[in-house]
Amino acid sequence: MANQMNLLKYRNYEEHDVINLYSAMEGELTKGTVLEYVSADPDNQNGFGVSFANTPGYAFSADYVVNWKVQTASAYSKKIAGILLNDVVTTITDPWSVDARFVDPAKLAEKQVVVSGRAVPFVTRGWFEVSGIDTTSGAPAPGSGAYLSNSTPGTIACGNPANANEVRTRIGTFMTSTGLFGGVLVKFNPEF
């Protein structure tokens, strides 16, 4: 997957804060990745892919495409969309490798995965237990700021940067220190 961030079992959020209108630009992402908005053209709602070559104009590809896009949040981003709730995949291995587009939707939901190119659910605020945070600037402590990592896209970072002049995007607050298995509770609430 694209990074080490991972959303663990504890999640506390309102269903009204879940957005399911965008697809991810990347092919594969892990749940817990911080996302940013890329595009949302209200006049571009045709999701039937591209026309087939040498066919009538009404013949489209069979895969529905979501035209509004999000991507892994880059350093210093001020367009934070939310935290990804499911993994984004292109293939499923269970018990053999299969293109995820051909897997039963119930199986995808059970595994908490979304097929690449389809709408991905992300949440705009809430409390989450995450692992794989960027600790290069220090360890998380209760009440300390949670920032968007400047070194690993889509990852939550903690502590003060080594360079006092470095600008960081605050996306929430740590509610605990790191637990025995690397999980930390984060109150996700971007400030803009």
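Lys31 and Asp87 meet through their side chains in a salt bridge, at 3.6 Å from N to O. A salt bridge here is a side-chain nitrogen of Lys or Arg within 4 Å of a carboxyl oxygen of Asp or Glu. The pair ties together distant parts of the chain: Lys31 sits in the loop between β3 and β4, Asp87 in strand β7 (residues 87-89), and 56 residues separate them. Both Lys31 and Asp87 are buried, where buried means under 20% relative accessible area, exposed means over 50%, and partly exposed is what falls in between (1.4 Å probe, protein chains only).

A word on the ground rules. This is a predicted model, in which local features need pLDDT of at least 70 and side-chain atom pairs count only at pLDDT 80 or more, while totals for chains, interfaces and linings use all residues. Residues are numbered from 1 along each chain as its sequence is written, and side-chain values use heavy atoms, with hydrogens and water left out. As for element names, helices (H or I, at least four residues) and strands (E, at least two) are DSSP runs numbered from the N terminus.

**The salt bridges**

How many salt bridges does the structure hold? There are 3, and here they are with their N to O distances.

| Pair | N to O distance |
|---|---|
| Lys31 and Asp87 | 3.6 Å |
| Arg125 and Asp17 | 3.2 Å |
| Asp99 and Arg101 | 2.8 Å |

Arg125 pairs with Asp17, and this is another link between distant parts of the chain, 108 residues apart. Arg125 belongs to the loop between β11 (122-123) and β12 (126-131), and Asp17 to the loop between β1 (6-12) and β2. Burial splits this pair: Arg125 is partly exposed, with a relative accessible area of 46%, whereas Asp17 is buried at 12%. In the Asp99 and Arg101 bridge, Asp99 is partly exposed at 26% relative accessible area, and Arg101 is partly exposed too, at 37%.

**The sheet**

An open sheet of 6 strands runs in the order β2-β11-β6-β4-β5-β3, with mixed pairing. The edges are β2 (18-19) and β3 (23-24); each has a single partner strand, so one side of each is left without a neighbour in the sheet. Two strands count as paired if DSSP finds at least two bridges between them.

Strand β5 shows both senses of pairing. With β4 (residues 34-39), β5 (residues 69-72) pairs antiparallel over 4 bridges. Tyr37 has Val70 of β5 as its bridge partner, and Glu36 stands opposite Gln71 in β5. With β3, on the other hand, β5 pairs in the parallel sense over 2 bridges, and there Ser23 faces Lys69 of β5.

**The nonpolar cores**

A nonpolar core is taken as a set of buried Ala, Val, Leu, Ile, Met, Phe, Trp, Tyr and Cys residues joined through side-chain atoms within 4.5 Å. In soluble globular proteins, nonpolar side chains tend to be buried together. The largest core has 20 residues, and those with the most contacts inside it are Val34, Phe128, Val130, Ile133, Ile156 and Phe174. At least two residues apiece come from β6, β12, β13 (145-148), β14 (156-158), β15 (170-174) and β16 (184-188). Of these, β16 gives the largest share, 3 residues.

What does Ile156 touch, leaving aside its neighbours within four places in sequence? Its contacts (heavy atoms within 4.5 Å) include Met5, Val34, Val130, Ile133, Ala146, Ile171, Phe174 and Val186, along with Asp134 and Tyr147. A second, separate core has 11 residues, among them Ala24, Leu29, Leu35 and Phe122.

**Loop details**

The loop between β5 and β6 holds Tyr76, which has a positive phi of about 65 degrees although it is not a glycine. Tyr76 is partly exposed, with a relative accessible area of 47%. Ser77 lies in that loop between β5 and β6 (80-84) as well, but Ser77 is buried, at 5% relative accessibility. A polar atom of the Ser77 side chain lies 3.1 Å from the backbone nitrogen of Lys79.

Gln112 is another non-glycine residue with a positive phi, of about 55 degrees. Gln112 lies in the loop between α1 (105-110) and β10 (113-115) and is partly exposed, at 30% relative accessibility.

Note on methods
Polar contact = N/O pair within 3.5 Å; in protein donor to acceptor, adjacent residues only side chain to side chain.
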